[in-house]
Amino acid sequence: MTTLAHRPRILVVENEAIIALDIRLQLVELGFEPVGHETQGEHAIVRAGQLRPDLVLMDIELPGGMDGIAAAHAIQTQFFVPVVLISAFSEHDIMARARLVKPYGYILKPFTQWEMRTVMEIALYKHQEELNTCCCGLHAPNHRPAADCFHTDPGKTE
């Protein structure tokens, strides 16, 4: 069971239905709330914008014109939602591309429930710390938190 203050909302992006179902069941058992499931990168971006999950679990190998690495980059850039990548591959070129998008974690398949929980909780903690840090990266009393720099409502402007 997670020790976080609320049940973190997780968007699962996985094209293999049986794996996606298994992940969602494990998330519930661990105290997370799976809020959606997508199978393609383009759809994941749209869904992340609609749902604003606390975290996205993203498989790298997805059908369609966009893989999970490109979708992760778009989600993190557009919505400031942390993404943990999932892959059955650990080849150098894939890892090098994945590092470029600065994911909040990387889980190799097959993985245990404990591994998934650990990576996700660290990712959520790291993201929360980033939101609590001042917009300039310092912990100064006169500065705004970084969370104020990111709009959660796409129609809202300052």
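**Notebook: cores and salt bridges**

I looked first for the largest nonpolar core (buried Ala, Val, Leu, Ile, Met, Phe, Trp, Tyr and Cys residues joined through side-chain atoms within 4.5 Å; buried means under 20% relative accessible area, exposed over 50%, partly exposed in between, with a 1.4 Å probe and protein chains only), and of its 21 residues, Val13, Val56, Met58, Ile75, Val83 and Leu85 touch the most other members. Among the elements giving two or more residues to this core are strand E1 (9-13) and helix H3 (68-79), and H3 supplies the largest share, 6 residues; helices (H or I, at least four residues) and strands (E, at least two) are DSSP runs numbered from the N terminus.

I noted that this is a predicted model, where local features need pLDDT of at least 70 and side-chain atom pairs count only at pLDDT 80 or more, while totals for chains, interfaces and linings use all residues. Residues are numbered from 1 along each chain as its sequence is written, and side-chain values use heavy atoms, with hydrogens and water left out.

I then searched the whole structure for salt bridges (a side-chain nitrogen of Lys or Arg within 4 Å of a carboxyl oxygen of Asp or Glu) and found 5. Lys109 pairs with Glu14, their closest N and O atoms being 3.0 Å apart; Lys109 lies in the loop between strand E5 (105-108) and helix H5 (113-132) and Glu14 in the loop between E1 and helix H1 (17-30), so the pair ties together parts 95 residues apart in sequence. Both Lys109 and Glu14 are buried.

I also found a salt bridge between Asp59 and Lys109 (3.3 Å, N to O).
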